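Here is a friendly walk through a protein model, written for someone who would rather be at the bench. Keep the structure open while you read.

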Amino acid sequence: MSELLAVHGGEKAKTVPYGDGQRFGLEEARELLEALEQGTLFYHFGSKVKQFLSDFNEIYGVKYSVATSSGTASIHVALGAAGISVGDEVITSPITDQGTLVGILYQNAVPVFADLDPHTYNMDPASVEARITSKTKAILVVHLAGNPCDMDAIMAIAKKHNLLVIEDCAQAYLTKYKGRLCGTIGDYGCFSTNDFKHISTGDGGMVTVNSGKEEDFYRTHAFADKNYQRFGDTVHKDLQVLAPNYRMTELQGAVGIAQLKKLQWICEQRNRYGSLLTEGISGLPGVYPHRVTADGECSYWFYMLRLNLDELTCTREQFCEALAAEGVPAQAGYIARPVYMQPLFQKRQAYLNSHFPFDESEQTYEQGICPVAEEILETAVRLAVKEFYTEQDARETAAAIRKVALHYAKQEAKTQ
Ligand SMILES: *Cc1c(COP(=O)(O)O)cnc(C)c1O
């Protein structure tokens with residue numbers, strides 16, 4: 001006999017509220033006050049953005065990075081600095097924030113979607129390689145939810161086909177792959193400090209320039225500052241190529257300095273919470289835990305399990321309702337459909353009144369081009385992860401999932 005579910009009047013598995021806390025405190029306030037006292041909020045005249053970047057560079061062990069106004073901007077900056085332009089193809093993930101795609105299209109390049117691993121939810125190297133054409137210029141990997149992509153395989157493919165690799169690390173702070181930090185493995189690593197990420201500056205972003213070459217750094221820096229090249233006392237304003245203004249302000253830099261000091265703790269907490277959840281729900285009928293990539297370390301921006309509905313007597317919605325009744329809020333899926341199902345791709349219209357660059361491309365975006373990604377989104381159940389969650393939260397959340405899965409498990413699945 002399984003336990004009586006809370007949704008049917010039983011006791012809740014979650015007995016105490018989830019741990020909570022303040023992400024901003026006096027540390028941020030002091031930095032902000034100092035920023036204001038400088039009498040300038042401009043990154044080049046003040047010291048906060050510079051300090052923020054130098055702290056970030058130290059954590060990441062990189063020589064150069066550039067601050068930006070958002071994660072979306074950081075990806076655009078990487079693509080622009082990398083010279084991605086008209087008609088180039090960029091291979092990326094169909095399960096991501098649309099911010100991954102914006103820069104590709106602003107460069108008038110064409111997104112091409114590779115299918116995913118069914119359990120890590122990251123790009124499948126075999127599918128990446130299969131999508132390469134003579135127009136492919138870059139692979140834009142997304143380390144989804146803080147789980148690293150299979151970077152050895154990706155880098156080998158890039159080398160073989162002479163492609164750039166850009167890492168979207170917006171969800172992946174201190175994510176490790178074989179002991180190396182994601183964001184330092186490809187040519188550029190792109191981060192976001194929007195208000196929902198591991199650390200927040202309200203909005204903001206960073207791009208690492210991993211070649212370590214000064215000229216690459218200068219080009220990247222200029223691409224985030226409408227081509228102004230501000231180094232030391234010299235400013236070059238010659239307009240060589242088109243570049244947007246994606247500057248970070250001193251206010252964001254100030255908050256970022258204080259936030260970076262908390263980053264390691266935040267990622268450790270999230271890593272431990274996710275690992276405990278996986279431990280607590282492994283081997284259940286009908287439930288696939290969020291699988292961490294081999295030799296990887298995940299900093300769980302969220303936790304996403306999948307249901308095997310063949311082994312369960314309920315629908316995904318019933319599973320989520322039962323979890324919610326246990327005191328464990330759960331969301332069915334992540335984004336509703338793969339990003340290629342968005343109207344922009346279906347209508348092949350990035351710009352109002354134009355079909356460029358799609359009208360010059362053979363890429364198509366019909367349903368079914370990434371069947372694994374589609375299946376993931378149809379069967380996923382997403383749970384929030386916060387650095388303030390406790391071990392008890394992990395144990396009780398796992399207990400709730402176990403209770404619901406065992407209740408709805410088909411007889412034959414239970415005894416397997
Ligand atoms: C949040 C996010 C972005 C965009 O970041 P913004 O700062 O919101 O522009 C890009 N890619 C992924 C995977 C994200 O999660």
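The report below takes the sheets first, then a surface patch, and then some loop residues.

## The seven-stranded sheet

Please bear in mind that this is a predicted model. Seven of its strands form an open sheet with mixed pairing, and their order is 1-9-8-5-4-2-3. Strand 1 (65-68) and strand 3 (110-113) are the edge strands, each pairing on one side only. From one strand to the next, the twist averages 20°. As a reminder, strands of a sheet pair through backbone hydrogen bonds, and the pairing can be parallel or antiparallel.

Helix 3 (residues 71-81) lies across many of these strands: strand 1, strand 2 (89-92), strand 4 (136-142), strand 5 (164-168), strand 8 and strand 9. Its direction is at about 165° to strand 8.

## A closer look at strand 9

Strand 9 is a good place to pause. On one side, strand 9 (residues 205-209) runs antiparallel to strand 8 (residues 188-192), and five bridges join the two. You can trace the register residue by residue: Y188 has V209 as its bridge partner in strand 9, and F191 stands opposite M206. Strand 9 is also joined to strand 1 by four bridges, again in the antiparallel sense. There, T68 stands opposite G205 of strand 9.

How many of the residues of strand 9 are buried? Five of its five residues are, so the strand counts as mostly covered, given that buried means under 20% relative accessible area. In a regular strand, side chains alternate between the two faces of the sheet. In strand 9, G205, V207 and V209 are on one side, with M206 and T208 on the other. Both faces are covered, and all of these residues are buried.

## The four-stranded sheet

Further along the chain, four strands form another open sheet, in the order 12-14-16-15, and here the pairing is antiparallel. Its edge strands are strand 12 (287-288) and strand 15 (331-332), each of which pairs on one side only.

Strand 14 (residues 302-307) and strand 16 (residues 380-384) pair in the antiparallel sense over five bridges. To find the register on your screen, look for M304, whose bridge partner in strand 16 is R382. Helix 9 (residues 316-325) lies across strand 12, strand 14, strand 15 and strand 16, and runs at about 25° to strand 16.

## A nonpolar patch on the surface

Turn now to the outside of the model. L33, L36, L41 and L251 make a nonpolar surface patch of about 340 Å². One of these residues, L41, is in the loop between helix 1 (26-37) and helix 2 (48-60). L41 has a relative accessible area of 36% and is therefore partly exposed.

## The loop between helix 10 and helix 11

The loop between helix 10 (343-346) and helix 11 (371-379) holds A350. Is A350 buried, exposed or partly exposed? Its relative accessibility is 27%, so A350 counts as partly exposed. Leaving aside neighbours within four places in sequence, A350 is in contact with L105, L344, F356 and F358. The chain also brings A350 and Q107 to a C-alpha separation of 11 Å, although they are 243 residues apart along the chain.

P357 lies in the loop between helix 10 and helix 11 as well. Take a look at the backbone here: the peptide bond from F356 to P357 is cis, with omega near 0°.

## Two residues with positive phi

Two loop residues deserve a glance at their backbone angles. N162, found in the loop between helix 6 (151-161) and strand 5, has a positive phi of about 55° although it is not a glycine. N162 is exposed, because its relative accessible area is 71% and the cut-off for exposed is over 50%.

The other is K226, in the loop between helix 7 (214-223) and strand 10 (229-231). Its phi is near 40°, which is a positive value in a residue other than glycine. K226 has a relative accessible area of 33%, so K226 is partly exposed.

Methods. Residues numbered from 1 in each chain as written. Predicted model: local features only at pLDDT ≥ 70, side-chain atom pairs only at ≥ 80, totals over all residues. Heavy atoms only, no water. Pairing = 2+ DSSP bridges. Contact = heavy atoms within 4.5 Å. Axes fitted to C-alpha atoms, helices over the stretch in contact; angles between N-to-C directions. Patch = residues over 30% accessible without salt bridge, like charges linked within 9 Å, V, L, I, M, F, W, Y side chains within 5 Å. Areas by Shrake-Rupley, 256 points an atom, 1.4 Å probe, with all protein chains shown as cover. Salt bridge = Lys/Arg side-chain N within 4 Å of Asp/Glu carboxyl O. Buried < 20%, exposed > 50% of the residue type's maximum accessible area, 1.4 Å probe, protein only.
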